[in-house]
Amino acid sequence: MIATLLHTAIFSLFIGLMVWAAASDFRAFRISNIVCAAIVILYPLYVAASTAPIDWIGGIVVAGVLLVIGLPLFALGWMGGGDVKLIAAVGLWAGPPLVGAYVVVTAIAGGLLSFAYLIHARGLFAEPAGANRAAPRATQGPKPEIRVPYGVAIAVGGLSVAGLLLTETGV
């Protein structure tokens, strides 16, 4: 009974941290270090509270590999530092069994999110009132860079990891 309550509390915190990361990145393009640190700190509690064996060493390896892959992407300006830290922190929870599903769900969510931002930023489906469809639109110079809060997609991937882990444990 107490183990189930602890397990539920840990997963509730993890899910809350995913929502916090998504909301803060969506609102301000920023993921707090507190969120990433809390996800990492919560992991040993999850391992200790679990009744099933967990490959925690594999989780550390997955997190390390995702961090090493993410650092050059950050250096190139393709990803934010918070995104890289969040990907690695959630990778710790995914571990070897779920890293594939985590990466695929995150990539799909990121692609859909990027597409939505592209459509919105470019106004691809919006015609100005009274526009003549035959006349080409005048260009206003270079289009501004489109920023995408990729932490939202990472959080979707993290929520999928939480769902899969909850399914495995039966809680």
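This is a walk through a predicted model of one protein chain, from its overall build to a few selected residues.

Start with the fold. The protein chain has five helices and zero strands. Read from the N terminus, its elements run α-α-α-α-α. Of the 171 residues in the protein chain, 35% are buried. The chain exposes about 10100 Å². Carbon and sulfur atoms supply 71% of that area. Now take the contacts between residues at least 6 apart in sequence. Among these, 76% join residues at least 24 apart.

Next, follow the chain out of its opening helix. Helix α1 covers residues 2–28, and helix α2 covers 33–49. Phe29 sits in the loop between them. The backbone of Phe29 deserves a look. Its phi is positive, about 50°, although Phe29 is not a glycine. Most residues other than glycine have a negative phi. The side chain can be placed too. Phe29 is partly exposed, because its relative accessible area is 30%, and the range for that class runs between 20% and 50%.

Helix α2 holds Ala37. With a relative accessible area of 35%, Ala37 also counts as partly exposed. Its link to Leu86 spans 49 residues in sequence. In space, the two C-alpha atoms are 9.0 Å apart.

Move on to helix α3, residues 56–75. Here the surface is the topic. Trp56, Ile57, Ile60, Val61, Val65 and Ile69 make a nonpolar surface patch of about 570 Å². One of these residues, Ile60, lies in α3. Ile60 has 47% relative accessibility, so it counts as partly exposed. That value also explains how Ile60 can belong to the patch, because patch members need over 30% relative accessible area.

Helix α4 runs over residues 81–122. Two of its residues are worth a stop: Asp83 and Thr106. Asp83 is buried, yet it has no salt bridge. Which side chain of opposite charge is nearest to Asp83? It is Arg147, at 8.2 Å. A salt bridge needs a nitrogen-to-oxygen distance within 4 Å, so Arg147 does not qualify. Asp83 does have a polar partner in the backbone. The backbone nitrogen of Gly151 lies 3.4 Å from a polar atom of the Asp83 side chain. Beyond four places in sequence, Asp83 touches Asp25, Ile31, Tyr150, Gly151 and Ile154.

Thr106 is buried as well, because its relative accessibility is 6% and the limit for burial is under 20%. Leaving out residues up to four places away in sequence, Thr106 touches Tyr150, Ala153, Ile154 and Gly157. Compare the two lists. Tyr150 and Ile154 appear among the contacts of both Asp83 and Thr106.

That leads to helix α5, residues 150–169. Leu159 lies in this helix. Is Leu159 buried or partly exposed? It is partly exposed, with a relative accessible area of 36%. Apart from neighbours within four places in sequence, Leu159 is in contact with Ile15 and Met18. Both contacts fall within the residue range of α1, 2–28. Leu159 and Met18 stand 141 residues apart in sequence. Their C-alpha atoms are 6.9 Å apart in space.

Put the pieces together. In α4, Asp83 and Thr106 touch residues of α5, including Tyr150 and Ile154. In α5, Leu159 reaches back along the sequence to Ile15 and Met18.

Definitions and conventions:
Residues are numbered from 1 along each chain as its sequence is written. This is a predicted model: local features need pLDDT of at least 70, side-chain atom pairs count only at pLDDT 80 or more; totals for chains, interfaces and linings use all residues. Side-chain values use heavy atoms; hydrogens and water are left out. Patches are made of residues with over 30% relative accessible area and no salt bridge: like charges are joined within 9 Å, nonpolar side chains (Val, Leu, Ile, Met, Phe, Trp, Tyr) within 5 Å. Accessible areas come from the Shrake-Rupley method with a 1.4 Å probe; for residues, only the protein chains shown count as cover. Helices (H or I, at least four residues) and strands (E, at least two) are DSSP runs, numbered from the N terminus. Buried means under 20% relative accessible area, exposed over 50%, partly exposed in between (1.4 Å probe, protein chains only). Lys and Arg count as positive and Asp and Glu as negative; His and the chain ends are not counted. A polar contact is a pair of N or O atoms within 3.5 Å; within protein, one must be able to donate a hydrogen and the other to accept it, and residues adjacent in sequence count only if both atoms are side-chain atoms. Contact means heavy atoms within 4.5 Å.
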